[in-house]
Amino acid sequence: MRFSLSVLPFVDLSDRQPYRRTFELCRMAESLGYDTVMVGHHHFLDGQISDPFTLLAGIAAQTETLRVATAIFLLPLHHPLQVAERVATLDQLSGGRVSLGVGSGWNPLEYEAFGSSLRERGARMDESLGLLRRLWTERDVEGTGRF
């Protein structure tokens, strides 16, 4: 059996290392045998992370065996080419310890801010998932300009 931990990051902006407690929690989870730590992804919501890949890179650097994952990354809001590059880089930095969990979201404000349509999120999700798979497995991929 594997255990995962979903983390709402502890952030202390007065600390020279604002995510110190988050990193300590992740190291403790690793020492207790947890398999994965996950962080969420939202824009404009207190306590949520707008850039989970950067935080996960920090967690990966602070741990040795703990998998790092997005609990739900709002894939339809972002260009799949950029997501593919960021996840691939994080996977390399972590030594292959990345899992990408995606979702479509629910907050109209996030879609409005990114100039996207909440109604089209399902179609964008499907298309993005197909492109991600191709970007990670094929050498020459066309059709990423629509986003």
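Tutor: A salt bridge here is a side-chain nitrogen of Lys or Arg within 4 Å of a carboxyl oxygen of Asp or Glu. Keep in mind that this model is predicted.

Student: Which residue forms a salt bridge with Glu 138?
Tutor: The cut-off is 4 Å between nitrogen and carboxyl oxygen. Glu 138 has a side-chain partner at 3.4 Å, N to O. The distance is within the limit, so the pair counts as a salt bridge. The partner is Arg 134.

Student: Are Glu 138 and Arg 134 buried, partly exposed or exposed?
Tutor: Buried means under 20% relative accessible area, and exposed means over 50%. Glu 138 has 36%. Arg 134 has 30%. Each value falls in between, so both residues are partly exposed.

Student: How many salt bridges does the structure hold?
Tutor: Side chains of opposite charge can pair when their charged atoms come close. Among the pairs here is Arg 20 with Asp 15, whose closest N and O atoms are 2.8 Å apart. Arg 20 itself is partly exposed, at 37% relative accessibility. The number of salt bridges in the structure is three.

Student: How many residues apart are Arg 86 and Asp 51 along the chain?
Tutor: Their side chains meet in a salt bridge at 2.4 Å, N to O. Both are partly exposed, Arg 86 at 35% and Asp 51 at 28%. Arg 86 lies in helix H3 and Asp 51 in the loop between S2 and H2, so the pair links distant parts of the chain. The separation is 35 residues.

Student: Arg 133 is another arginine, found in helix H5. Is Arg 133 buried or exposed?
Tutor: Its relative accessibility is 63%. The exposed class starts over 50%. Arg 133 is therefore exposed.

Student: Which strands are the edges of the sheet?
Tutor: The sheet is open, with four strands in the order S1-S2-S3-S4 and parallel pairing. An edge strand pairs on one side only. Those are S1 (4-7) and S4 (98-103).

Student: In S4, what is the bridge partner of Thr 70?
Tutor: Strand S3 covers residues 67-74 and runs parallel to S4. Five bridges join S3 to S4. In S4, the partner of Thr 70 is Leu 100.

Student: Which element gives the largest share of the largest nonpolar core?
Tutor: In soluble globular proteins, nonpolar side chains tend to be buried together. This core has 22 residues, and Val 37, Ile 59, Val 68 and Val 83 touch the most other members. Elements giving two or more residues include H1, S2, S3, H3 and H5. The largest share, five residues, comes from H2.

Student: Which residue of helix H5 (121-137) is among the contacts of Val 83?
Tutor: Set aside the neighbours within four places in sequence. Val 83 then contacts Phe 53, Phe 73, Leu 75, His 78, Leu 100 and Leu 132. Helix H5 spans 121-137. The contact in that range is Leu 132.

Student: Is His 41 buried or exposed?
Tutor: His 41 sits in the loop between S2 and H2. Beyond four places in sequence, it touches residues including Gln 48, Ile 72, Phe 73 and His 78. Its relative accessible area is 2%, against a cut-off of under 20%, so His 41 is buried.

Student: Which backbone nitrogen does the His 41 side chain reach?
Tutor: This side chain also makes a polar contact with the side chain of His 43, at 3.2 Å. The backbone nitrogen lies at 2.8 Å. It belongs to Leu 74.

Methods: Residues numbered from 1 in each chain as written. Predicted model: local features only at pLDDT ≥ 70, side-chain atom pairs only at ≥ 80, totals over all residues. Heavy atoms only, no water. Pairing = 2+ DSSP bridges. Core = buried A, V, L, I, M, F, W, Y, C linked by side-chain atoms within 4.5 Å. Buried < 20%, exposed > 50% of the residue type's maximum accessible area, 1.4 Å probe, protein only. Contact = heavy atoms within 4.5 Å. Polar contact = N/O pair within 3.5 Å; in protein donor to acceptor, adjacent residues only side chain to side chain.
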